[in-house]
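Please open the model in your viewer and keep the sequence panel beside it, since each stop on this tour begins with a selection.

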There are 2 protein chains.
Amino acid sequence: MRAAVLHAPGDIRVEEIADPKIIAPTDAVIRLTAACVCGSDLWPYRGVESLDGPMPMGHEYVGVVEEVGSDVTNVQPGQYVVGSFVASCGTCEICRSGYPSSCVHRVFMAQVGTQSERALIPHADGTLVPLPGTPDADLVPDLLAASDVLGTGWFGAVAAEAGPGRTVAVVGDGAVGLLAVLAARQLGAERIIAMSRHEPRRRLALEFGATDIVSERGDEGVAKLKELTGGLGAHSVVEAVGTQESMQQAIRSARPGGHVGFVGVNHDVTLSGEELFFSQVHLHGGPAPVRRFLPELIDLIWQRKINPGKVFDLVVPLDEAPEAYRAMDERRAIKAMLTL
Amino acid sequence: MRAAVLHAPGDIRVEEIADPKIIAPTDAVIRLTAACVCGSDLWPYRGVESLDGPMPMGHEYVGVVEEVGSDVTNVQPGQYVVGSFVASCGTCEICRSGYPSSCVHRVFMAQVGTQSERALIPHADGTLVPLPGTPDADLVPDLLAASDVLGTGWFGAVAAEAGPGRTVAVVGDGAVGLLAVLAARQLGAERIIAMSRHEPRRRLALEFGATDIVSERGDEGVAKLKELTGGLGAHSVVEAVGTQESMQQAIRSARPGGHVGFVGVNHDVTLSGEELFFSQVHLHGGPAPVRRFLPELIDLIWQRKINPGKVFDLVVPLDEAPEAYRAMDERRAIKAMLTL
């Protein structure tokens, strides 16, 4: 089958690799309807994460089940499914407590690869959620977004306790940040302040429900945000970047007793214990437990109440994955979808 | 009046200083019934926190109101009162949201000093809680503990979401850690694992409700704790030390989705963003909003349901404050009370 494979930083090639095969009785194989490139795919693409030889890329997926292992009972061949970017058993104590992304048997789909025609899904019963039927073509981008960016933005908003009466600030205007805005709106937040300086992203933030835009960054962004919140800071802050600057900005933007949900994959970030102590914020985040939210997200999408697929502002065939990566790396695209 | 004053690291003197006077109309002056030395007093005593000239010490207090400013309406001269180690207005948005220790008008009582015969209490209406009457003498240590160590241990347990069905680990066997054990018990925790290697402290931990004791520290302590919790870690972890090692131990002791309440005043602690991200714990702490809990704590003490004053294993007159500091510094005493 055809798959996008990273050979070295900046060197993505679409090439033939072996078709996936059921190994464990809990596996499934799906045929993808669409794939996409994630902000976190850029970390190895940029050489920030190291590479041990050629790596099939991607971890988001929507598609049709082709084959299941002998122990799989929740999904069957022919069903349309969406799943999380982390495969999880669904039965361990951590899964049952709502943290499938830290499942004791978890498999990061990034280690499997899903920018390809087919994908192996470990722990199919715990991981995949069948759709109510075959989706209309225009719903496919929305469903694909649920697999990671929507679920991750949603978790950021939940971790930040976005809700009625609360002012929510979102640091980061990538797809995850923009979908955290959408999530905060759905969760009933009173005011949503998107931190963004890029016109197309600001527009999408407003469309998704942002009430205010702040273009300043770092401590200037914090000062501006405090100005907008009576000097106190936001009740809820979603961090959706993962750098030293964005984490500090997020923590400093929350009021004492406020909640910071951080979902940007942290790279070389160190936090001062003293600052955290005196900030008195709640801090929670990590790889989003997307599977927890999937049934609700699929329902919202199926009923056409949300339109998260709008984050895909570049759609190209899988064979043009190199251009999709370049466009995202150069911030010409918010998020690129790969058609199959 | 007589007061304990720190002149240089290790140099505590009890000497005459000016009596406190009402300055703002929201002030009160109290006559202390008893005072005490806190683990956090040891930071400047040990020279870890720097000193700008002689500093009256102490921030915990129980006593009788002597005089109030013209705007004070909640307490009156003659009333027995307890208050938090942070004076707070009680009316700002942060106070009303349950975080009086981050009140926009807060005054840390450590900047005022309470190891003395009398003390000035700013924001008396927001800070002081009148007792139901004159306490029996044996309740005075319990009420004094409520002012900080009990309230701080309690906040640690609340921030760690200690409660029914949950396994709580407590890192730190000082007075705050021991009282976090007591708090976890009161909050209904199923299992309470105290990390302690000192026999008198272990005994008190068991008396306060610990079900298990782990004497290993650092990563060995983490390994032992995981052994006791099916490899997963505790649901709730209270951190009550404030060092690099104890913070790391606390974070590594919590399971994914678990809660770490950190109340040890952090000094030179840096946390890895990556580790926090993948740990998927909730982290919350800071200077305890003791005032939030005081009415409930006073009630429990008044009804003799809890006995937090047991942490005072050294009782000396105020004039012997130097010995009280030495005994705590050398860990000969868990916590020293100063009689007046």
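The tour goes from the pair of chains to one chain, then to the boundary between its domains, and ends where the chains touch.

**Stop 1: both chains**

Before selecting anything, bear in mind that this is a predicted model. Colour chain A and chain B separately, and superpose one on the other: chain A can be laid on chain B with an RMSD of 0.0 Å by a turn of 180 degrees and a shift of 0.0 Å along the axis. A turn of that kind with that shift is the relation of a two-fold axis. The two copies use the same surface to meet, in that 100% of the contact residues of chain A recur in chain B.

**Stop 2: chain A and its annotated span**

Now hide chain B and select residues 7–338 of chain A, which an unreviewed UniProt entry lists as "domain: Enoyl reductase (ER)". Within this span, 31% is helix and 26% is strand, and the C-alpha atoms at its two ends lie 19 Å apart.

**Stop 3: two domains in chain A**

Next, give one colour to residues 2–148 together with 289–339, which make up domain 1 of chain A, and another to residues 151–285, which make up domain 2. The C-alpha centres of these two domains of chain A are 26 Å apart. Where they meet, 26 residues of domain 1 are in contact with 21 residues of domain 2, and about 1,900 Å² is buried between them, with carbon and sulfur atoms giving 66% of that area. On the domain 1 side, show A:W43, A:R331 and A:I334 as sticks, because these are the residues that lose the most area to domain 2 of chain A, together 30% of what that side buries.

**Stop 4: polar links between the domains**

Which residue forms a salt bridge with A:R331? Select A:D173, whose closest N and O atoms with A:R331 are 2.8 Å apart; two salt bridges are found across this domain interface of chain A. Eight residue pairs are in polar contact between domain 1 and domain 2 of chain A. Then highlight α4 (140–146) and α11 (290–302) of chain A, each of which supplies at least two residues of the side of domain 1 that touches domain 2. The largest share of that side comes from α11(A), with six residues.

**Stop 5: a pair of strands**

Over all chains, the whole structure holds 46 salt bridges. For one of them, zoom in on A:R191 and A:D212, whose side chains meet at 3.1 Å, N to O. A:R191 lies in strand β12 (residues 191–195) and A:D212 in strand β13 (residues 212–214) of chain A, so this pair ties together parts that are 21 residues apart in sequence.

**Stop 6: between chain A and chain B**

Finally, bring chain B back and select the residues at the boundary, where 38 residues of chain A are in contact with 38 residues of chain B. The two chains bury about 3,100 Å² between them, 61% of it on carbon and sulfur atoms. Two salt bridges cross this interface of chain A and chain B, and to see one of them, show B:R255 and A:E93, whose side chains meet at 2.8 Å, N to O. The polar contacts between chain A and chain B come to 22 residue pairs. On chain A, the elements that each supply at least two residues of the side touching chain B include α2 (93–96), β15 (254–262) and β17 (282–285), while α10(A) gives the most to that side, with five residues.

Key. Residues numbered from 1 in each chain as written. Chains lettered and ligands numbered in written order. Predicted model: local features only at pLDDT ≥ 70, side-chain atom pairs only at ≥ 80, totals over all residues. Heavy atoms only, no water. Least-squares fit on C-alpha atoms with pLDDT ≥ 70 in both. Contact = heavy atoms within 4.5 Å. UniProt positions renumbered as here; feature names shortened; annotations may be inferred. Helix = DSSP H or I, 4+ residues; strand = E, 2+ residues; numbered from the N terminus. Domains from an automatic or database assignment. Buried area = accessible area lost by both parts, 1.4 Å probe. Salt bridge = Lys/Arg side-chain N within 4 Å of Asp/Glu carboxyl O. Polar contact = N/O pair within 3.5 Å; in protein donor to acceptor, adjacent residues only side chain to side chain.
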